[in-house]
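User: Please take a close look at one part of this model, the open sheet, and then work outward from there. Short sentences are fine.

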Amino acid sequence: MMNSVFKAAAAVAALLLAPVAGATLVTFEAAGVDPAAITPTRDAFRVAVGGGVVAGANGSFGGVRREINWDGVPDARADPSLLPANFFNVNSPRGAVFSTPGTGFLVSANAGLATPTLFGFPGDLQTFSAQRLFTAVDSTITDVTFFVPGTGIAATTSAFGVVFVDVEDPGTKIEFFDATDKLIFTRDVLIAGNQGLSFVGAVADAGEKISRVRLTSGANSILSNGKRADETTDMVVMDDFLYAEPTRAVPEPSSLALAGLGLLCGVAWLRRRRQAS
């Protein structure tokens with residue numbers, strides 16, 4: 001009896017610890033001189049994710065998709081002030097929190113304010129959805145992690161897409177990582193030329209797999225309005241983010257396996273006690 005119980009426990013552990021098949025991701029990408037050039041691809045991505053076209057509170061589309069277009073950020077949280085990294089999980093809870101090796105994040109100013117629009121680079125940048133843009137400060141890296149909106153509960157998503165602005169050279173890319181921080185997807189962003197717009201996004205074929213998204217925006221960074229880290233190199237910034245509704249992360253297969261093994265071993269121990277009594 002004991003051997004059969006432990007064999008059953010081992011079988012459960014082997015099943016739950018078996019490698020999980022890699023995510024199958026469908027890519028959507030386009031680049032061009034103006035919003036019209038990438039809108040059909042953005043719309044196809046929307047359809048693939050689901051949720052319709054009518055936004056609800058906090059950028060929620062039917063409880064299926066979230067979008068951030070930066071335009072609802074108040075003036076007090078925009079350039080020259082830094083945007084709090086958790087603004088879109090606390091102030092406007094959409095389940096997205098940002099981090100960067102740099103000094104923070106900027107959302108560009110609206111017209112009519114003392115701070116120039118487009119981060120002070122009207123000859124290099126344009127918007128996809130007027131009028132604000134987004135960038136990390138003193139870094140080309142933006143990481144996005146996901147939470148059940150408005151909570152500290154870790155979550156995953158099954159799709160993510162972003163509009164990049166002013167991709168003129170190779171080096172801009174998007175990467176997805178799973179809950180174990182394993183890279184599951186990477187894509188170089190299409191070059192659009194000066195002031196051009198590029199869209200890239202990917203949708204997993206089933207389930208929520210993406211725990212973190214890393215966005216690499218070219219080879220130069222903005223330091224402040226009108227000032228770049230390297231004045232001889234173009235920078236890349238971002239506009240709209242679109243992603244599937246973040247949902248609560250499930251335990252990793254290894255954790256489930258250990259739990260199942262512990263349960264079966266417990267059953268074996270109880271049976272042995274009963275047989276000995």
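Analyst: Start with the sheet in this predicted model. Five strands form an open sheet, in the order β4-β7-β13-β10-β11. Their pairing is antiparallel. β4 (96–99) and β11 (183–188) stand at the edges. Each has a single partner strand, so one side of each is left without a neighbour in the sheet. Direction ignored, neighbouring strands of this sheet are turned by 20° against each other on average.

Now take one pair inside this order. Strand β10 covers residues 173–177 and strand β13 covers residues 212–216. The two are joined by five bridges, in the antiparallel sense. One residue pair fixes the register: F176 in β10 has V213 in β13 as its bridge partner. As a general rule, strands of a sheet pair through backbone hydrogen bonds, either parallel or antiparallel.

β7 leads to the cavity. The structure holds one cavity of 30 Å³ or more. About 40 Å³ of space lies in the largest cavity. Its lining consists of T135, A136, S139, T140, I141, T142, S217, N220, S221, V236 and M238. Two elements give two or more residues to that lining: β6 (134–137) and β7 (141–146). By class, the lining has four nonpolar and seven polar residues. No charged residue takes part in the lining.

β6 opens the way to a further pair. β5 and β6 run antiparallel and share four bridges. Here F105 stands opposite A136 in β6, and A136 is one of the residues lining the largest cavity. In β5, G104 and L106 point one way. F105 and V107 point the other way. All of these residues are buried. In a regular strand the side chains alternate between the two faces of the sheet.

The loop between β5 (104–107) and β6 holds D124. Is D124 buried or exposed? D124 is buried, with a relative accessible area of 15%; the cut-off for buried is under 20%. M235 is 111 residues away from D124 along the chain. Even so, 8.6 Å separates the C-alpha atoms of D124 and M235.

Next comes β12, which is mostly covered. β12 spans residues 197–204, and eight of its eight residues are buried. L197, F199, G201 and V203 point one way from the strand. S198, V200, A202 and A204 point the other way. β12 has two pairings to follow here. Strand β1 (residues 25–32) pairs with β12 in the antiparallel sense over eight bridges. In that pairing V26 stands opposite V203. Strand β9 (residues 159–165) also runs antiparallel to β12, with seven bridges between them. There F160 stands opposite A202.

F160 then carries the picture into the nonpolar packing. The largest nonpolar core has 34 residues. Those with the most contacts inside this core are L83, F98, F160, L215 and F241. Two of these names tie back to the open sheet. F98 falls within β4 (96–99), an edge strand. L215 falls within strand β13 (residues 212–216). Apart from the largest core lies another core, of 24 residues. Its members include I38, F121, V237 and L242.

To retrace the path: the open sheet contains β7, and β7 gives residues to the lining of the largest cavity. β6 gives residues to the lining too and pairs with β5. F160, opposite A202 in β12, is among the residues with the most contacts inside the largest nonpolar core.

Technical notes:
Residues are numbered from 1 along each chain as its sequence is written. This is a predicted model: local features need pLDDT of at least 70, side-chain atom pairs count only at pLDDT 80 or more; totals for chains, interfaces and linings use all residues. Side-chain values use heavy atoms; hydrogens and water are left out. On a 1 Å grid over the protein atoms alone, a cavity is a set of points where a 1.4 Å probe fits but cannot get out, and a pocket is an open set with protein on both sides within 12 Å along at least five of seven lines; lining residues have an atom within 4 Å of a point. Grid points are joined across faces, edges and corners, and a volume is the space filled by probe spheres set on the points. Ala, Val, Leu, Ile, Met, Phe, Trp, Tyr, Cys and Pro count as nonpolar, Asp, Glu, Lys and Arg as charged, and the others, Gly among them, as polar. Buried means under 20% relative accessible area, exposed over 50%, partly exposed in between (1.4 Å probe, protein chains only). Two strands pair if DSSP finds at least two bridges between them. Axes are lines fitted to C-alpha atoms, for helices over the stretch in contact, and angles run from 0 to 180 degrees between N-to-C directions. A nonpolar core is a set of buried Ala, Val, Leu, Ile, Met, Phe, Trp, Tyr and Cys residues joined through side-chain atoms within 4.5 Å.
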